[in-house]
Amino acid sequence: MKAVMYHYVRPDVSNAPWYYHLDIEDFRAQLDYFEDEYGFVDRDAFLAAVRGDADLPDGVVLTFDDGLSDHYEWVFPELQRRGLWGIFYVPTSPYTQEKALSVHRVHALVGKYGGDAVLEPLLNVVNEEMVPDARREEFHTETYQNQNNRESVTTVKRILNYFIAYEHREDVLNTLCEQFPAANLDSETFYLRPAELREMQDAGMILGSHSITHRVFSKLSQSAQRDEIISSFDYLSTVVDGLDVRTFCYPYGGFHTFTEYTRGVLDDAGCLFSFNVESRDIQQDDFQTQPQALPRYDCNEFRHGDASGGVNSHEMQ
Ligand SMILES: [Zn+2]
């Protein structure tokens, strides 16, 4: 069985030429391809296998990260037309704080203006004190060199998502957005609305937690990790009047983004299964040995799945 991960799925947009996204036509073509090549896993058969009540079914499971309004506007109708279902991982701070996540503000900056336009102004705002000692040398070698637009997109993302300490990120983004106002996102239209979440769950889609603030768990204190998990489940559950099942997916993903402690908290929270990012099929014994780190492919590892506009790797989101 293969789990496949998607983020932005939308038509090409001319006013945001660098926005990393999978074109809706490519998404449709990829669903056709999966149908022909592997088939799709039935929802109940999937859940029975996760619970250990049935053997592992063959086929593809579709997952969609970040709670984007794209998923209601473009993905949900397409799945419904085909009688398919998917798992949608939703971060909750866009609702509780009524503002867009930093990770998405970064996407908007480079997506609408391009890496070349943003890199230099960013380097004027970031000072070395914002970068922890351990990363300072790496920061220097990677950022202060001539780059083409594609590389500078990556560099902008690396600076904002990896190099600078979290406590400075918001301020830096606010300063940059004064210069690049179109990067200010309206959280109400950028993310799935509560009524849309309810409608999707009622139609058989599974909703899961993608934490509160979409930060790297392995960089957070234990109490912060616990809160990110427990409170996001509580919030989502309230919004949709009870979740069908508790499932989670790690922000960014990869084994370096969470710890044994994180997995334990997920177990404690009654989370049935969680997705990591790891390029391999799910095997039967994964449900017993690592239910809180199931492997998942990026859609760009399969035909028609090449996202355009930015950098393809989930790591770099
Ligand atoms: Zn995410």
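Arg-135, Phe-139, Glu-142 and Thr-143 in helix α7 meet Thr-155, Arg-158, Ile-159 and Phe-163 in helix α8, where two residues are in contact if their C-beta atoms, placed from the backbone, lie within 7 Å. Residues are numbered from 1 along each chain as its sequence is written. I should say at once that this is a predicted model, in which local features need pLDDT of at least 70, side-chain atom pairs count only at pLDDT 80 or more, and totals for chains, interfaces and linings use all residues. The helices and strands I name are DSSP runs numbered from the N terminus, helices being H or I with at least four residues and strands E with at least two.

Staying with this pair, α7 and α8 pack at an angle of about 170°, with their axes 11 Å apart; axes are lines fitted to C-alpha atoms, for helices over the stretch in contact, and angles run from 0 to 180 degrees between N-to-C directions. The two helices are therefore roughly antiparallel to each other, since angles under 35 degrees count as roughly parallel, over 145 as roughly antiparallel, 65 to 115 as roughly perpendicular and the rest as oblique. The residues of the contact of α7 with α8 divide into 3 nonpolar, 2 polar and 3 charged, with Ala, Val, Leu, Ile, Met, Phe, Trp, Tyr, Cys and Pro counted as nonpolar, Asp, Glu, Lys and Arg as charged, and the others, Gly among them, as polar.

Now to α8 itself. This helix, residues 149-163, reaches 19 Å from its first C-alpha to its last, close to the 21 Å expected at 1.5 Å a residue, the expected span being 1.5 Å times one less than the number of residues. Among its buried residues are Val-153, Val-156, Ile-159 and Leu-160, buried here standing for 20 or more other C-beta atoms within 10 Å of a residue's own. What do the buried residues of α8 pack against? They pack against α5, α6, α7 and α9.

Two of those partners also meet each other, for α6 (residues 115-125) and α9 (residues 166-179) pack at an angle of about 135°, with their axes 10 Å apart. That makes α6 oblique to α9. The contact is made by Pro-121, Leu-122 and Val-125 of α6 together with Val-172, Thr-175, Leu-176 and Gln-179 of α9, and its residues divide into 5 nonpolar, 2 polar and no charged.

Finally, in α3 (residues 70-81), the buried residues, including Trp-74 and Phe-76, pack against the strands β2, β4 and β5 and the helices α1 and α11.

Key: A residue is buried if 20 or more other C-beta atoms lie within 10 Å of its own, exposed if 12 or fewer, and partly exposed in between; C-beta atoms are placed from the backbone.
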